[in-house]
Structure formats: C-alpha cells, structure tokens
Amino acid sequence: MATVEMVLPAMGESIMEATVLQWLKKEGDAVEQDESIVEVATDKVDTEVPSSHGGILQKILIQEGDVAQVGKAMAIIEQEGGGEHAEAEGEMVAVDEHKSLPAEESQIQVTEVGRAGAAPKTETTRFYSPLVKNIAREEGISLAELEQIEGSGKEGRVTKKDILNYIDSSGKRPSNGHKTSTASGTSSSPTPPAVAATAGKQDEVIAMDRMRKMIATRMLESKRISAHVTSFVEADVTNLVLWRNKVKKTFEQREGEKLTFTPIFIEAVAQALKDFPMVNVSVNEDNIIKRKHINVGMAVALSNGNLIVPVIKDADQLSLLGLTKQVNELAGKARTNQLTADDVSDGTYTLSNIGSFGNIMGTPIIVQPQVAILAVGAIVKTPSVIETPSGDAIAIRHKMYLSHSYDHRVVDGALGGMFVKRVADYLEQFDINRIL
C-alpha cells in the first residue's frame, strides 16, 4: 500500500494557516478524492477542505483545535496499489511523512539568536510555531528567553499574542511589523494597555464569538498599519434612481431576483479603478504591488451582527447583469454561512453600503492588505440648484455621499480625491435609457 500526504491547500492571499475545527472523517475511514474531510477556520471564513486523494485515512496529523500551516501535511492517506512501483512510492512518501510529523512527536531544533550574533543550534522539546520562531529570530529573543515565556495556547504553547505581549512588557519594539501585519512590513509604537472595564450587578456580560474576535483584531491591526484619510463627495444619482425604479420590477420577473444599487456601485468602482490603477495596489514593506486583477469586495452584515466581505473577482470584466448575479449569490451565501475560502480571498478594493442602514456617510476602515475602501451612503431626496436652458432652478434631486478612506502612505489626497470624484461622475452620468 502506498501512502500520500494530504496538505492544507492555499486558502487565499495572506492566509498562511488555519485552525482545525472538526475532522469529518476518523482514522480508518474510507475517503474519496474531493470528498470533504476536515473543517477549518481561517481569519476570514470557516470552510471544508476536500481530500486530495482517495483511499483510507491512515493517520490524522493535526488535531482539532490545532493550527495547520498552508502546504504542510494534515493527514496521511493510504492508497490501494501493489508491486515494486507502489513499494518504491511508499518508501518515498514515508520519508516525507517522517519530515512532516507533528512537532509533539519529534524534537525541534531552534536556532538561538543572541543580540551579539547567532549562537549554535540548541535543542528543545517545547513546541514553537514557525511564526513564533520567526518573530523570536528577528527580535533577537534567545531560546532561553522563549523558554521563560508563559504560553496561553494548547498544552502551554507560546502564541503570537504571547510573544508580542512579552516584547511589549520587556520594552522591546517589534522591528518588522509583527505588531501589525506581514502585509505591510511597517512597525508601530507599542499599543498602550486598554483600560479594564468592570461589569455592574445589572450589566450583561456577552462573550465575543470567534468571528467577532477576529474582526476586532483585524480592525485594530488595520488602524495601526495604514495612515487612514477620508475624502467625501456628494453625487446626484437622480438618473440612476429613476432608471432602477423603471426596470426593477421587470428584472425581478425575468430573472427571479432583485436588482439592488450595489452592483451598480461596484460597476462604477471597477471603472474608476481602471482609470486610477494606483488605488488598486497593496504595500509590502518598501514596495508597492500593483494589482493586475480588479477584485471588489462587498461588506455584508450578518444576522448575528458580524461582518464578512465576499469578493467579486475581475469585476471590471462583468456586465451589470453579471455583477447583479454575483452580488445576489454571494450575499445569499454569506447570510446562510455557505461562503468558501475562495469567496472571500484576493480582494483588491472594498465597497461598504452603509446607506442600507440609513447612514449618510462614514469613515470606513481599510481591509488589509488593500489601501482603500469606499462607503456609499443613503440616497435621499434633497432640494438642489440645477442649471436649465432658462437659468438656474431649484428641483428635488436624489443625492448621496461617497466616503473614501485610503492609506496615505501610498495614496495621496489628490489621487484619493480624484478617484472618488470619478466614481461619482460615473454614477451621475448613468444612462437612463440603458438596457439590462
């Protein structure tokens, strides 16, 4: 019998690890290729991972609650086969299996790094994740120091939070952005300790669920990483409103789904990103990554109060009908907890429709590693001065505010302001006779 490793596949840009929530198969069970075998959680979404091969689940390497690294083995699958070829293949895979044994089952070598230079390798039986070892190496934390850090993870493991808290408490300043994000490569000053809140006798204490904790962490990291600036533009979208009112009933009867404003906003954003490609970028240390694809994320509020951002890939290549179909499908999957890792990965720009909650404007927080996000406010009727052939007149118009937050490290005020003005222009110039 030949054995093969089932590794954690790529889960999207910037996702390097996932927590195992539940194994859907147990050791000894038969599995088919592409059959869901394990449920994992990233910092964006929960998803099921299919088996890369068919056979028997011989050994589970990453237990529930533990963290798996992308590209590393999660399980060993025994395949049917025989003969010399199968035996040789089995021997080859056996070597790989030995290399990827869980850290608990083998001694780990950690390079001790002192402040005066590298020291000889030292062995330890305590487990340290690759991320923790990398932070320790870059911050000059020796193995002896690591051994003294109290771990809050499973079986006393040292987590990223533990080592960063140690750096803060000992007066060390992270030198490579670990306090913020690997996507930015920028450092920030230590965060001051939060003021502890105490609950009164009649107060209700609600524990954050896992998604809320992740949202809180990502929002704080984004504020530390990016120099947030927000520009505002008011847009007259009267033609757009009149057009939608005219076609929405016919569209729903024909397509069996609703026509909202969101796909129209995404279309305008995608067009503006083509005009201003330097908004469709990311930052990696001292480099700017100019994205080839325009992938627009749309923030979706869930019934439990949490937020998730599914992504429409290559939005500039889709027609308005195609965008509408994508928006409705992804929104439906988000609200029924059916999004996959691919559905929420690789976004290059984000749209947040705060107008659906009656808000007229806002200052949204950038989704890392992107550099900008647009919030569209509620469309309201307002008296406005308009130009007519016979002179100025006051008329009732449909207007809305666009709030564009951008990272001032790479997007200056001129670029950020021109971009949001261009989005407004596309919305104002919407063809009222357009055929969908």
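Let me start with helix H8: Leu320, Leu323, Thr324, Val327, Leu330, Ala331, Lys333 and Ala334 are buried there. Keep in mind that this is a predicted model. An α-helix has 3.6 residues a turn, so residues three or four places apart point the same way. What do the buried residues of H8 pack against? They pack against two helices, H6 and H7, and against the strands S14 (296–298), S15 (300–301), S16 (307–308) and S17 (311–312).

On length, H8 covers residues 320–335, which is 16 residues, and at 1.5 Å a residue these should span 22 Å. The end C-alpha atoms are 22 Å apart, so the two values agree. After H8 comes Asn337, with a positive phi near 55°.

Next, helix H9, residues 413–428. This helix also has 16 residues, with an expected span of 22 Å, and its end C-alpha atoms lie 22 Å apart, in agreement. Its buried residues are Leu415, Gly416, Phe419, Val420, Val423, Ala424, Asp425 and Leu427. They pack against helices H6 (238–255) and H7 (262–275), and against strands S11 (228–236), S18, S19 and S21 (391–407).

Two of those strands lead to my last point. The loop between S18 (349–353) and S19 (372–376) holds Ile360. Is Ile360 buried, exposed or partly exposed? Its relative accessibility is 43%, so Ile360 counts as partly exposed. Ile360 belongs to a nonpolar patch on the surface, together with Phe232, Met361 and Val380. The accessible area of the four together is about 330 Å².

Definitions and conventions: Residues numbered from 1 in each chain as written. Predicted model: local features only at pLDDT ≥ 70, side-chain atom pairs only at ≥ 80, totals over all residues. Heavy atoms only, no water. Patch = residues over 30% accessible without salt bridge, like charges linked within 9 Å, V, L, I, M, F, W, Y side chains within 5 Å. Areas by Shrake-Rupley, 256 points an atom, 1.4 Å probe, with all protein chains shown as cover. Salt bridge = Lys/Arg side-chain N within 4 Å of Asp/Glu carboxyl O. Helix = DSSP H or I, 4+ residues; strand = E, 2+ residues; numbered from the N terminus. Buried < 20%, exposed > 50% of the residue type's maximum accessible area, 1.4 Å probe, protein only. Expected span 1.5 Å × (residues − 1). Contact = heavy atoms within 4.5 Å.
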